[in-house]
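Trainee: I'm new to this one, and I'd like to know what lies behind the words people use for it. Can we go through a few of them?

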Amino acid sequence: MPKKRDTWATTVSNEILQSTPTHEQNRQEAVYALIRNERHYRADLESLNTRLVEPLYEFDRIDPAIRKKFIRAIFKNFDEIRQTNQKLTLALIERQRDFESLVPTVSDLFASYLLPSLDTYEEYCSNLPRATYLLTTSTEFPVSITQPHWPLLRKPLEHLERYPPLFEAVISATEDDHPDHEVLSLCRDTITTWLEQLKQTLERRQAVLDVEKWVGNKWQMDAPHRAIIYRCTTERNEEIIVMDHYILIVTSQVIAIPLPILLCVPSKTSIMLAHPPRGITYPVQLKNPNALLDAIINAKQTLNRHSLWSEPLVSSSVESFTAAALLPDQETLVAGSQYGVTLYPSRERILHNIDVVKLFVVHHYLVVQTTRDLALYKINHYDNFHLITQTADCCHGIGHYVVYQDRNDLLVHVYNTCKRKVTKTIDVQGTRVSNLSTWQNKLVITCDDEFIIVDILGRSMRRRISVPSATRKKALGIVGDGYLCYNQMVYTMEHEYVCDWEIRPKYVVYQDPYLVAFDQKQCIEMRHAETGALAYMLYEERCRLIGPNDGVIHVCVQTGKRQNISTLMK
């Protein structure tokens, strides 16, 4: 017996079919095909989940953290895509049922569910080259899982590619004054443009992936915005690849020269590439050196600012983030703002109606400094809190201790979280402390133009450090291998001069091999720690340091009206 065709006409009664005009029948057939496509797509996503995602999660012969990271690298936000499709499909089926298969309109559902999800699809689909490569070359998972089913990864993209002709069929069968005509035309045009842009993105990321297969992923080649600006071969058969963050010279080894600090000394047949902070000089012989020179200039001008920090961990157009830290599970981000404290990615608001100044983790506690007080909150039991003081001027966590200065008596107190009391008081001789930090497991008290180093974890030790030539300069902190950072210059522990700042920073952190200064307004200045040479200046957007915690440096970057929390890239 031949299989019954799955069409609109076969799903309605003869009475409805005979009473429906021909032009409306054509429209209902096109709408039915659109809904049928969503149902089939839901089955495809379920197949992808049961044949690939779940078997990978259930394979327990490798470390769970490695397994989770591998699956995340391949499937990105696959769960969000499934949820969006389920909501859209259920809404379409419900509308079919409510109107007895004579669907009056569908454009509102696609505009509500599909168009807002294109950013989600962008993250997943643009990752397809890398996801396919990782899955097909993995040696940690059995080939019985990865090899037969990796083509299922493309199901979301294939589904999106079917939309334009499906929308066009409905539009062609719909009168011009019908609501679906205008809105579905917008959906069709939006997705068509999106697919064209995605094609360019896939070509760009495939080209970067091909280079990564050749030279490895030592230079953040897997960043989503990574791009190849120019490629050429020298007269000595060296491959030169100009990227948006590095110039790679591939010989028997790979020489990587970071942008933007790069000196080019051109002649008629050669260019001398030099990077003073890293001590790199490399002569390049070319028949047409001007093309390479133009590419380097272009790469420096278009250097993607996001190479400085990660993709946003948190984004908001409402909250102005003031502090951030990772919980001990290394997955949950705690963010503080003028409205309270929130956990991400769950978005659970754990503390309400407080104006957060600073927060950090000590032992099993979250320490929160607000404009009113300083308090301890038991992690995962945030209704269990203990007030430390109502007069904290500045604070810091080290070991099991919370260190703070009482603004009333200008004494630095060491609060033991285990004993719930102050166990030590440090007299800074009536000086207001500007910063408290950690250096080599010791407490650094910064006040005026000098530093006080205190060993509160071991034997009692106290050392005052000041640089005579830095008198009357504001001390900021000690970072890295012992760099004494002031608001105008940097010295070593041996009082050797390192550099002057172009900006007037409020904070300086160390991210090997650079000193990174923040003025907390709109400027970031990066200098090579060993030579003091300027490596990067950023003026274009507001960026604030909101949490140098445990080696992870959190920044708040303002893009337009949105506030994004990211981590400073290593």
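Mentor: Sure. Keep in mind that this is a predicted model. Let's start with helix 6 (residues 118–125) and helix 9 (residues 155–172), which pack at an angle of about 130 degrees with their axes 10 Å apart.

Trainee: Why is helix 6 called oblique to helix 9?

Mentor: Set the angle against the classes: 65 to 115 degrees counts as roughly perpendicular and over 145 as roughly antiparallel. About 130 degrees fits neither of those, so helix 6 is oblique to helix 9. The crossing is also left-handed.

Trainee: Which residues of helix 6 and helix 9 meet?

Mentor: From helix 6 you have Tyr 121, Tyr 124 and Cys 125, and from helix 9 Pro 156, Leu 157 and Leu 160. That contact has six nonpolar residues, with no polar and no charged ones.

Trainee: What makes helix 3 oblique to helix 7?

Mentor: Same kind of reasoning. Helix 3 (residues 64–75) packs against helix 7 (residues 128–137) at about 140 degrees, and their axes are 8 Å apart. Roughly antiparallel needs an angle over 145, so helix 3 counts as oblique to helix 7. Phe 70, Ala 73 and Ile 74 of helix 3 touch Ala 131, Leu 134 and Leu 135 of helix 7. By class, there are six nonpolar residues here, no polar and no charged.

Trainee: What classes of residue make up the contact of helix 7 with helix 10?

Mentor: Those axes come within 8 Å and cross at roughly 40 degrees, helix 10 being residues 179–215. Pro 129, Arg 130 and Tyr 133 in helix 7 meet a set in helix 10 that includes Gln 206, Glu 212 and Lys 213. The tally is four nonpolar, one polar and three charged residues.

Trainee: How do you know what span to expect for helix 2?

Mentor: You take 1.5 Å times one less than the number of residues. Helix 2 (residues 22–58) has 37 residues, giving 54 Å expected, and its first and last C-alpha atoms are 53 Å apart, close to that. Helix 2 also has a kink of about 35 degrees, centred on Asn 49.

Trainee: What stands out about the backbone at Glu 100?

Mentor: Glu 100 has a positive phi, near 50 degrees, though it isn't glycine. Most residues other than glycine have a negative phi. You'll find Glu 100 in the loop between helix 4 (78–98) and helix 5 (107–113).

Trainee: What kind of peptide bond joins Tyr 344 and Pro 345?

Mentor: A cis one, with omega about 15 degrees. Pro 345 sits in the loop between strand 11 (340–344) and strand 12 (348–352).

Technical notes:
Residues numbered from 1 in each chain as written. Predicted model: local features only at pLDDT ≥ 70, side-chain atom pairs only at ≥ 80, totals over all residues. Heavy atoms only, no water. Helix = DSSP H or I, 4+ residues; strand = E, 2+ residues; numbered from the N terminus. Bend = angle between axes of the 7 residues up to and from the residue. Axes fitted to C-alpha atoms, helices over the stretch in contact; angles between N-to-C directions. Parallel < 35°, antiparallel > 145°, perpendicular 65-115°, else oblique. Left-handed = near helix turned anticlockwise from the far one by under 90°. Contact = heavy atoms within 4.5 Å. Nonpolar A, V, L, I, M, F, W, Y, C, P; charged D, E, K, R; others polar.
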